[in-house]
Amino acid sequence: MTSTTSAVEPAVRTPAEDTTTPSRARSIPRAGWMVIASKEFGDHILSSRFLVLAIIMAVAAAVPLYFISGQIRDAPSGATGFPALFIALFWLTPTVNDQISLPSVVGFLALVGPLLGLAFSFDAINGERANGTLPRLLSQPIHRDDVINGKFAAGLAVIAMVVVVMILGVTSFALIRLGVVPEAVELLRIVLWILVTLTYIALWLAFGLLLSVGIRRAATSALVGFGTWLLLSFFGGLIVSLINGIVAPLTTTSGEDVLKNIGVREMLQRLLPDTLYREASLTLLNPQVTTVSTPATLGQYAQAQQRIPSLFSLDQSFILIWPQVVGLVALTVACFALAYVLFMRQEVRA
Amino acid sequence: MSASPGRIASKKRPGRRADVAERTATGGTGPAASGAPVLIKTRGLTKEYEDLVAVDHLDLDVRAGEIFGLLGQNGAGKTTTILMLLGLTEPTEGAARVVGLDPSRGPLEVKRRVGYLPDAVGFYGEMSGRENLRYTARLNRLEKSVMDETIDAVLEQVGLTDRADDRVETYSRGMIQRLGIADALVKDPDVLILDEPTTAIDPLGVTEILELLRSLVEERGMAILLSSHLLNQVQSVCDRIGIFSAGRLIGQGTMAQLAERFGEGKQILEVGLDLHGDAEKARARTVLGAVSGVTSITGGARPGDPWHLEVEHGADPAAVRSGVLAAVAAEHLPLTSIRAVVPSLEDIYRRAVARPGGSRVERGRATAGEVPA
């Protein structure tokens with residue numbers, strides 16, 4: 001090995017000069033991942049999937065808003081001291097009539113967010129591979145992780161843009177149509193909630209990225225991604241009940257049993273990212289929410305019954321949902337890290 | 001077309017032309033210019049996958065100013081070798097130096113100076129050819145001021161100027177291949193590595209591309225490593241050729257060297273005679289057979305078929321040739337052509353690959369002399 005090195009050393013003369021030639025000077029570099037991210041961002045914005053998702057998001061904002069606006073308008077006259085009226089727009093569940101109620105903005109986002117995340121990443125790597133552009137891209141003077149970082153950053157940027165625009169739309173609607181003015185704390189709650197929302201969507205973005213690295217065909221990774229989303233969103237509750245019924249069956253109607261059953265269900269539900277997101281969102285947006293868990297014992301339950309309804313300050317709300325936020329961040333990091341490691345170890349050639 | 005590479009060279013690299021001029025003055029841009037720096041060097045380069053050895057102790061040298069052709073069947077290890085040279089895959093064993101750097105330790109600098117055309121290259125279909133090249137230029141951190149100029153120049157070199165602003169999804173496979181070559185040239189590389197560069201390009205286009213490669217080597221002093229399974233293209237453009245089989249380089253050198261090593265040691269003269277009738281043929285056969293140095297005669301079965309004269313081992317082919325001419329003139333045979341048959345690369349290749357494992361020893365002996373002490 002050492003002898004080989006010495007044998008190779010004196011080989012190059014001309015190119016060595018080149019590095020010092022000013023003609024080879026390059027402009028002060030934007031890092032490789034930024035070049036990739038800006039290209040991907042442009043692609044996303046111009047893509048038809050962006051258009052479709054923008055429409056979905058607009059609907060997700062507009063439909064609840066339409067039905068809530070009536071409720072909100074009635075609220076101030078009806079209930080005095082309706083707290084944090086402005087941000088109630090985001091979490092109030094609109095009722096069309098006595099039978100039908102629609103998901104709130106939070107509910108819509110919990111449902112549609114994953115779609116948004118997956119749509120911008122399910123073909124990130126395998127698409128390049130299928131296109132024949134991956135070897136070419138990797139043979140440019142960039143690190144391999146620039147590719148995956150750039151793609152993640154671009155996806156997140158597009159999503160952040162869509163989400164922020166949507167939420168700004170809702171707030172401006174509230175300002176103009178309803179004449180409700182937010183307080184500073186409410187704005188802060190909204191900002192924090194946006195961050196939580198982005199983390200939630202980033203989780204699915206990272207999951208999509210992982211699929212795009214691990215699965216060779218874009219169509220398959222899309223199918224797996226959207227299948228997972230469907231499973232968790234629509235059958236998640238069903239599966240939770242099923243497991244719940246096995247682990248903590250409701251055999252008697254005693255209070256202890258019921259509480260145990262509920263406790264296990266809550267624990268199982270928190271394995272689903274959308275539960276984490278819903279809990280975090282509702283607590284952040286509604287200062288009236290002072291607890292996210294049902295009491296574990298009858299004693300605590302009795303205590304909770306006697307508690308005087310109160311409002312949480314922002315920091316209290318935030319402390320309450322800290323575990324949920326950490327859970328979301330951890331899941332996101334885990335997905336991204338897995339995608340990263342997998343990609344770094346993968347052969348360039350299929 | 002041949003003027004454009006020179007234009008780039010003079011514009012962007014003032015130092016290069018003098019260097020080239022000097023080399024041409026001393027008479028060797030070809031492989032003979034052994035003073036030229038070795039831009040690609042591998043020693044004992046090995047890549048093993050779980051159950052197969054893709055590349056087996058490869059020793060390779062490619063110097064500035066030469067085109068080296070890697071020849072081998074699919075799966076012989078050509079692409080794996082190329083990926084190791086670019087630092088895109090780690091060698092299991094052995095060392096590689098590309099432009100004097102270790103690709104697995106400093107892949108960025110290597111990739112900055114090596115243009116690579118992958119096998120089955122692809123581009124972003126929704127972007128135009130020019131936009132695709134611009135993306136590559138940005139990834140290579142080319143300055144804005146030189147970017148457009150460089151892109152225009154390389155597009156012209158590969159003959160895509162007219163279609164540069166069309167979306168790549170409207171391109172034919174051959175045009176994509178040309179764009180791939182342009183893409184590899186955007187970074188103004190010292191070394192060009194081309195994996196199957198001429199697949200899907202029409203015959204006329206191939207000639208153009210090969211001329212372009214030749215001019216890049218001669219005017220810019222680039223080193224080009226190209227892999228191909230199209231034998232006559234490799235033969236026509238490469239200064240030296242390495243024959244790959246099952247991960248091993250079973251022979252490398254110029255056509256003449258390979259012919260010597262893997263040829264049958266026979267020299268053959270091809271003589272065309274415009275003969276009619278069996279009597280004529282029989283007469284010709286006797287006349288040609290009488291020429292001193294000719295050992296056997298084959299061919300000429302059908303009218304128009306050339307005759308193949310095998311030259312005696314050790315005899316001077318030039319003397320035999322003039323002997324044949326004299327005899328033909330004396331006997332008034334209607335001669336249409338006469339030439340020495342060079343063994344085609346195909347013959348060499350077939351024999352080299354067919355030769356049983358013994359070639360390994362030979363390879364060791366051949367390369368031992370090349371390693372500087």
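I looked up B:Tyr49 first and found that its bridge partner is B:Leu52, a residue of β2(B); strands here are DSSP runs of E of at least two residues, helices are runs of H or I of at least four, and both are numbered from the N terminus. I keep in mind that this is a predicted model, in which local features need pLDDT of at least 70 and side-chain atom pairs count only at pLDDT 80 or more, while totals for chains, interfaces and linings use all residues. Residues are numbered from 1 along each chain as its sequence is written, and chains are lettered from A and ligands numbered from 1 in the order in which they are written.

I then followed strand β1 of chain B, residues 38-49, which is joined to β2(B) by 8 bridges and runs antiparallel to it; two strands pair if DSSP finds at least two bridges between them. In chain B, I noted an open sheet of 3 antiparallel strands in the order β2-β1-β4, with β2 (52-63) and β4 (93-98) as edge strands, each pairing on one side only.

I turned to chain A, where α10(A) (residues 184-214) meets α7(A) (residues 124-131): A:Ala124, A:Ile125 and A:Asn126 of α7(A) are in contact with A:Leu209, A:Ser212 and A:Val213 of α10(A), contact being C-beta atoms, placed from the backbone, within 7 Å.

I checked confidence last: chain A averages a pLDDT of 81, and 86% of its residues score at least 70, pLDDT being the predictor's confidence in each residue, from 0 to 100. For residues 1-28 of chain A, I found pLDDT under 50 throughout.

Note on methods. Contact = placed C-beta atoms within 7 Å. Axes fitted to C-alpha atoms, helices over the stretch in contact; angles between N-to-C directions.
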